[in-house]
Amino acid sequence: VQGAWLVYLLHLILIAAFIAASGIDLELWIIPLSICWLVTGAGLLVSAIAGYFIDPQAIQSSWLLPTASPQTGALALGATVGLGLGWLLLRTGVVKRSYDVPAREGEAAVVQDDRGRPAGPGPFDEPQFNHRLEALREIVFLTPIIACVVLASVVLGGSGQIQAWWSRAVAHPVVSGLLGSVFGYFVGCATVWATRVLGTLAFGKEAMGLGDVHLMGAAGAVVGPVMVVIAFFIAPFFGLGWALFHLISKKIHQLPYGPFLSLAVLTVMIFHDWIMVRVSFVFGP
């Protein structure tokens with residue numbers, strides 16, 4: 001495909017960034033958000049401009065990059081507005097940050113890992129946190145996103161002149177590519193965040209780290225919503241393989257979940273065409 005070098009370059013950025021993030025996560029139990037934001041930004045940019053280098057029909061038919069339909073574009077736009085409102089409420093103090101560890105007077109701010117705990121080698125379990133309460137705080141933060149998604153779906157997904165205008169706008173390759181990448185980002189984030197919140201409420205312990213949320217959001221912005229969901233369900237098999245290996249070797253060594261997610265994303269990238277053929281009957285040719 002002419003212009004496929006652009007997709008190749010984007011995938012190299014993702015792989016290099018995820019290798020770096022996994023190495024840091026293994027050593028310090030931290031996923032640097034700057035790495036995730038770099039991949040997300042690259043995914044948004046390349047998806048938006050790809051139509052100038054690659055035939056838009058080839059992008060869509062081969063799932064080379066995320067693209068949006070009028071329906072998914074509306075969801076992406078609503079989620080973006082909701083995220084902005086959520087951050088505004090967070091910055092103004094209306095919504096409290098989860099797992100916040102304020103510095104005591106005269107002390108430097110505590111450096112935290114992706115789970116809001118003091119950064120350093122090894123897992124941490126801070127007893128002062130009420131994990132279910134922290135999960136409820138995150139639900140409050142997510143509420144504007146959910147509300148704006150519903151509102152955008154109703155307004156832009158209805159019938160009439162607004163829907164016709166929106167369909168024409170999303171038909172433009174730049175808009176379709178950008179919103180498709182945004183939609184993939186939010187699907188990646190939502191998949192992990194739902195597991196994090198529901199698991200924490202159910203078991204009273206933090207289920208997954210926020211760094212994992214950002215990691216899969218970045219992956220979704222590059223590989224798209226379908227592939228990132230498949231990757232999420234592949235990741236536990238890597239974790240299970242690691243657990244079985246250490247069960248047999250009788251060595252106990254905990255690992256953060258980020259490297260398993262990264263391996264799963266790499267797997268769906270390698271087997272992209274094989275996966276696409278087998279799920280295309282659900283999403284159309």
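User: Happy to start with the helices. What span should the 31 residues of α7 have at 1.5 Å a residue, and how far apart are its end C-alpha atoms?

Analyst: Good place to begin, and keep in mind that this is a predicted model. At 1.5 Å a residue, α7 should span 45 Å, and its end C-alpha atoms are 44 Å apart, which agrees. After α7 comes G204, whose phi is positive, near 75 degrees.

User: Which residue's side chain meets R137 in a salt bridge?

Analyst: First, the general idea: an α-helix has 3.6 residues a turn, so residues three or four places apart point the same way. Here R137 pairs with E134 at 3.6 Å, N to O. Both belong to helix α5 (residues 131-156) and sit three residues apart, about one turn of the helix. R137 is partly exposed, with a relative accessible area of 29%, while E134 counts as buried at 6%.

User: Which residues do the salt bridges with shared partners join into one network?

Analyst: Let's build it up pair by pair. R196 and E138 meet in a salt bridge at 2.5 Å, N to O. This pair links distant parts of the chain, helix α7 and helix α5, 58 residues apart. R196 also bridges to E206, with the closest N and O atoms 2.6 Å apart. E206 lies in the loop between α7 and α8 (210-223), so this pair ties together parts ten residues apart in sequence. Shared partners thus make one network of E138, R196 and E206.

User: Are R196 and E206 buried or exposed?

Analyst: Both R196 and E206 are buried, and E138 is buried too.

Conventions
Residues numbered from 1 in each chain as written. Predicted model: local features only at pLDDT ≥ 70, side-chain atom pairs only at ≥ 80, totals over all residues. Heavy atoms only, no water. Helix = DSSP H or I, 4+ residues; strand = E, 2+ residues; numbered from the N terminus. Expected span 1.5 Å × (residues − 1). Salt bridge = Lys/Arg side-chain N within 4 Å of Asp/Glu carboxyl O. Buried < 20%, exposed > 50% of the residue type's maximum accessible area, 1.4 Å probe, protein only.
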